[in-house]
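Thank you all for coming; I would like to take a few minutes to walk through one model with you. Please have the sequence and the coordinates open while I talk.

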Amino acid sequence: MREYYTITELTREFGVSTRTLRFYEDEGLVQPVRRGRTRLFRPSDRHLIRQILRGKRLGFSINEIREIIKMYKEPPGEVGQLQLMVKRIEEKREELRQKRRDLEDTLAELDQAEDACLERMAELGVNT
């Protein structure tokens, strides 16, 4: 395993911008070593970036990701982090289910509106 990764290497590996990695640094999620103006990321930073990006794909906010990372570093440690993660996953899943219900309701309303329009057009003798 390598001792350090440059910001360019990590942006290429993860397909993100340097601005994104700097944002994660500004948010305190990663703490690269500084050599002058150069940021050098440790393997642990690389792992955190992978986890942050995974959290973002799952729909977690930066604050939620920070909370989960913080739990890993402090008591109750990994068990607490895993329990919190399960709780957050359940919350996200329910949010998505609610969004699905909302979308289904909206689609049904659009279908009804379209049917009403088509019916009225037929009454007016307009071919569709």
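Phe23 has a relative accessible area of 38%, and because that value lies between the 20% and 50% cut-offs, this residue counts as partly exposed. Tyr24, by contrast, is counted as buried, since its relative accessibility is 5% and the limit for that class is under 20%. I should say at once that this is a predicted model, and that what I quote is computed from it.

How many aromatic pairs are there? The count comes to one aromatic pair, and it is formed by Phe23 and Tyr24, whose ring centres are 6.0 Å apart and whose planes meet at 55°, a tilted arrangement.

Let me turn now to helix 5, which runs over residues 77–123. With 47 residues at 1.5 Å a residue, helix 5 should span 69 Å, and the C-alpha atoms at its ends are indeed 69 Å apart, so the expected and the modelled spans agree.

Which residues of helix 5 are buried? Gly77, Gly80, Gln81, Leu84, Met85, Arg88 and Lys92 are, and helix 4, residues 62–73, is included in what covers the buried residues of helix 5. On this point it helps to recall that an α-helix has 3.6 residues a turn, so residues three or four places apart point the same way.

Leu96 also belongs to helix 5, but it is exposed, because its relative accessible area of 55% is over the 50% cut-off. From Leu96 to Glu119, 23 residues along the chain, the C-alpha separation is 34 Å. Finally, just after helix 5, Gly125 adopts a positive phi of about 80°.

Methods. Residues are numbered from 1 along each chain as its sequence is written. This is a predicted model: local features need pLDDT of at least 70, side-chain atom pairs count only at pLDDT 80 or more; totals for chains, interfaces and linings use all residues. Side-chain values use heavy atoms; hydrogens and water are left out. Helices (H or I, at least four residues) and strands (E, at least two) are DSSP runs, numbered from the N terminus. The expected span of a helix is 1.5 Å times one less than its number of residues. Buried means under 20% relative accessible area, exposed over 50%, partly exposed in between (1.4 Å probe, protein chains only). Contact means heavy atoms within 4.5 Å. Rings of Phe, Tyr and Trp (its six-membered ring) pair if their centres lie within 6.5 Å; planes under 30 degrees apart count as stacked, over 60 as edge-to-face and the rest as tilted.
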